Amino acid sequence: MTPIAAAPPRPAVSPRVTAKVWLFAFLGANVALVTVFFVNGGLSDNPLISAGRLAGLYAAQAMAFQLLLVARLPWLDRRLGMDRLTAWHRWTGFTLLWTLLAHVVLIVFGYASVEDRGPVGELVQLADTLEGLLRAIVAFVLILVVGAASARFARKRMAYETWHFVHLYTYAAVLLAFTHQIAVGQSFTGHPVARAYWWTLWLGTGAVVLAGRVGLPLWRNLRHQLRVVAVVPESPDTVSVYMTGKELDRLPARAGQFFLWRFLTKDRWWQANPFSLSAAPDGRTLRLTAKAVGESSANLRSLRVGTRVFAEGPYGAFTTIHQQRPNALLVAGGVGITPIRALLEDITGHVVVLYRVRTPQDAVLLPELRGLAKARGAIVHVLSGPSDQRGPHGPLLGTESLHALVPDVDDRDVFVCGPPGMTAAVLRSLRELRVPSARVHAERFSLAA
């Protein structure tokens, strides 16, 4: 029988659900307000023009919501995770593109029908006579450029720094679109309450973005002043970097979270890389462990003791605040063991760890993992072999194998971290085993816009 440990009290509503409710309630309230201001501003006799104006307002709201999703607010990030927020940011981008396109097409064709002029001629006429329209056209083009750069086929061919630089044009588009709407928007000209709301929405959004992406990282780095204190090889292609600083007991980092790390050397100060903490924060040191899968991670070996570090974070919802059941299953693949190893220090109840690797030699941090497991009565299974390796019960992380290794898996929280293919396979097996989705926790640790 698996020993049962008492779990700490959990809120009646999960942190993830609470964050979703607040976030979408905020969005719904703003959509309702804008719709009311639109109606009060008066409708055009031409339905195309009215629909175009409303589409423009919704597009501007989508832009503000996009910025909020990637503002890196700790309260949202801890509950939803950067991967989920980034995915919503991407889908909101599609909404923005379509509503902007609808705004342009409906307005141009609406005025063209009123003026009995062709759409191209009407667009030229509007640009020549309507205040701020040229700014709006430039904003539209910038949004199209950013959207094209964010398409999957283009994103895969760009370095992160290049893609991020292109993404910065979004802020220019926001400024141009805002000044256009305030100047000529039917809902705002002559309506002081609506104008006050629009200024509040955009100034508030800007303040939140600056605070989350600039102010908070700068303040934390000035306060904690991180430096490298040790660089320890864990295997021929894996290295751990230890850092210390001031007042680290006040840094709100948790096991399972990650930072965007910049090591301030002359040749890599501009590179930001996401690495998880590979040990639970103890108030004195932070540790990351990385495999040499690219130039940036390979160069970690050459870091010198004393190197200054600029760290943005902590980020991620892959933590025990989402644990609902007394016991847990931790599933790691490859270097995905780093947050799993940290979680093993922090998680409550009885724990089973499944560590999937190609060969036993690839199982980095295994001695630490087994030491922690022995100290807390956990079980560690190392599953080695090629991706198509099969065990007595089929695929190593298939439905039957998971059930054989962890018979009570449907009564545990499951934390999964590893390569995309492995993670997808485990999530599929968990669905087949009818483990509730609210108790399955998987997060992709990556850079976001």
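## Exercises on a 449-residue chain

P314 lies in strand β6, residues 309–315. Helices (H or I, at least four residues) and strands (E, at least two) are DSSP runs, numbered from the N terminus. This is a predicted model: local features need pLDDT of at least 70, side-chain atom pairs count only at pLDDT 80 or more, and totals for chains, interfaces and linings use all residues. Residues are numbered from 1 along each chain as its sequence is written, and side-chain values use heavy atoms, with hydrogens and water left out.

**Exercise 1.** Find which form, cis or trans, the peptide bond from G313 to P314 takes.

Solution. Read omega for the bond: the value is near 5°. The bond is cis. Then place P314: the residue belongs to β6.

**Exercise 2.** Describe the protein chain as a whole.

Solution. Start with the elements: the chain has 15 helices and 13 strands. Next, take burial (buried is under 20% relative accessible area, exposed over 50%, partly exposed in between; 1.4 Å probe, protein chains only). Of the 449 residues, 46% count as buried. Now the surface: about 21600 Å² is exposed, and carbon and sulfur atoms supply 63% of it. These areas come from the Shrake-Rupley method with a 1.4 Å probe; for residues, only the protein chains shown count as cover. Last, the contacts (heavy atoms within 4.5 Å). Among those with a separation of 6 or more, 72% join residues 24 or more positions apart.

**Exercise 3.** Compare the reach of α4 and α10 with the expected span of each.

Solution. The expected span is 1.5 Å times one less than the number of residues. α4 has 34 residues, with 50 Å expected. From first C-alpha to last it reaches 48 Å, which is close. α10 (residues 192–224) has 33 residues and should span 48 Å; its end C-alpha atoms are 45 Å apart, which agrees. Now check for a bend (the angle between axes fitted to the seven residues ending at a residue and the seven starting there). α10 bends by about 45° at A211. Just after α10, Q225 has a positive phi of about 45°.

**Exercise 4.** Sort residues of α4 into buried, partly exposed and exposed.

Solution. Begin with the buried ones, which include M82, L85, H89, L96 and I107. A87 is also in α4. Its relative accessible area is 33%, so A87 is partly exposed. The C-alpha atom of A87 lies 10.0 Å from that of V70, 17 residues away along the chain. W91 sits in α4 too. At 58% relative accessibility, W91 is exposed.

**Exercise 5.** Name the residues of the nonpolar surface patch and the helix that gives the most to it.

Solution. Patches take residues with over 30% relative accessible area and no salt bridge; like charges are joined within 9 Å, nonpolar side chains (Val, Leu, Ile, Met, Phe, Trp, Tyr) within 5 Å. A salt bridge is a side-chain nitrogen of Lys or Arg within 4 Å of a carboxyl oxygen of Asp or Glu. The members are L48, W91, F94, W98, L101, V105 and F109. Together they have about 740 Å² of accessible area. α4 (residues 82–115) gives the most, with six residues.

**Exercise 6.** Decide whether R72 and D116 are buried or exposed.

Solution. Locate R72: the loop between α2 (47–69) and α3 (74–80). Phi of R72 is positive, about 60°, although the residue is not a glycine. At 9% relative accessibility, R72 is buried. D116 is in the loop between α4 and α5 (119–129). Phi of D116 is positive as well, near 55°, again in a residue other than glycine. At 72% relative accessibility, D116 is exposed.
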